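Q: Please take me through the reasoning behind some of the labels used for this model, setting each value against its cut-off.

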Amino acid sequence: MKSDKYPNRKERSMAFEEMLLAAQNGKKSCVCVGLDPDPTNEKFPRRFVSHSSGGSLLEFSEHVVTMTARHACCFKVNMGFFLRYGSPGISALEGLVCFIRDSEPDTPVILDFKSQDIGNSACQYAAFAFD
């Protein structure tokens, strides 16, 4: 079923495994690009920091996707880094998934949601829940 909200979204006719294998074979790559944007990290590029945390997350992540797309057989989006910003982060997450699906429709997206993850990720989930 085609969604009116996302008119460019391609209908999925393959299971995830088939889609991943097709992307690996097509790009001759097994690279999974992790998207864990953290504007509070001193290594986060200052040119992507904006007054809107959601905007920073989306702009930076779209840049990473664009720069790595030809090598990526999938993109793994860490939800904790988006959830910690509440509604703006969730909007950025939705925008990022739409951007990937529009610009790289044959590249699968993995939504990484491990609330009991390693330190940095666990801190993002805790900030979402308790700050």
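A: In this predicted model, lysine 76 is called partly exposed because its relative accessible area is 23%, and that label covers values between the 20% limit for buried and the 50% limit for exposed.

Q: What makes the pairing of lysine 76 with aspartate 112 a salt bridge?
A: The closest N and O atoms of lysine 76 and aspartate 112 are 3.1 Å apart, which is within the 4 Å that a salt bridge requires. Lysine 76 lies in strand E2 (residues 72-78) and aspartate 112 in strand E3, so the pair ties together parts that are 36 residues apart in sequence.

Q: Why is aspartate 112 counted as buried?
A: Its relative accessibility is 6%, and buried means under 20%, so aspartate 112 meets the criterion.

Q: Which residue forms a salt bridge with glutamate 104, and what makes it one?
A: The partner is lysine 27, with the closest N and O atoms 3.3 Å apart, which satisfies the 4 Å limit. Because glutamate 104 lies in the loop between helix H4 (86-103) and strand E3 (109-112), while lysine 27 belongs to helix H1 (residues 16-27), the salt bridge ties together parts that are 77 residues apart in sequence.

Q: How do you know that the side chains of threonine 107 and lysine 27 make a polar contact?
A: The distance given for these two side chains is 3.0 Å, and a polar contact needs a pair of N or O atoms within 3.5 Å. Threonine 107 lies in the loop between H4 and E3, and with a relative accessible area of 2% it falls under the 20% limit and is therefore buried.

How values were computed: Residues numbered from 1 in each chain as written. Predicted model: local features only at pLDDT ≥ 70, side-chain atom pairs only at ≥ 80, totals over all residues. Heavy atoms only, no water. Salt bridge = Lys/Arg side-chain N within 4 Å of Asp/Glu carboxyl O. Helix = DSSP H or I, 4+ residues; strand = E, 2+ residues; numbered from the N terminus. Buried < 20%, exposed > 50% of the residue type's maximum accessible area, 1.4 Å probe, protein only. Polar contact = N/O pair within 3.5 Å; in protein donor to acceptor, adjacent residues only side chain to side chain.
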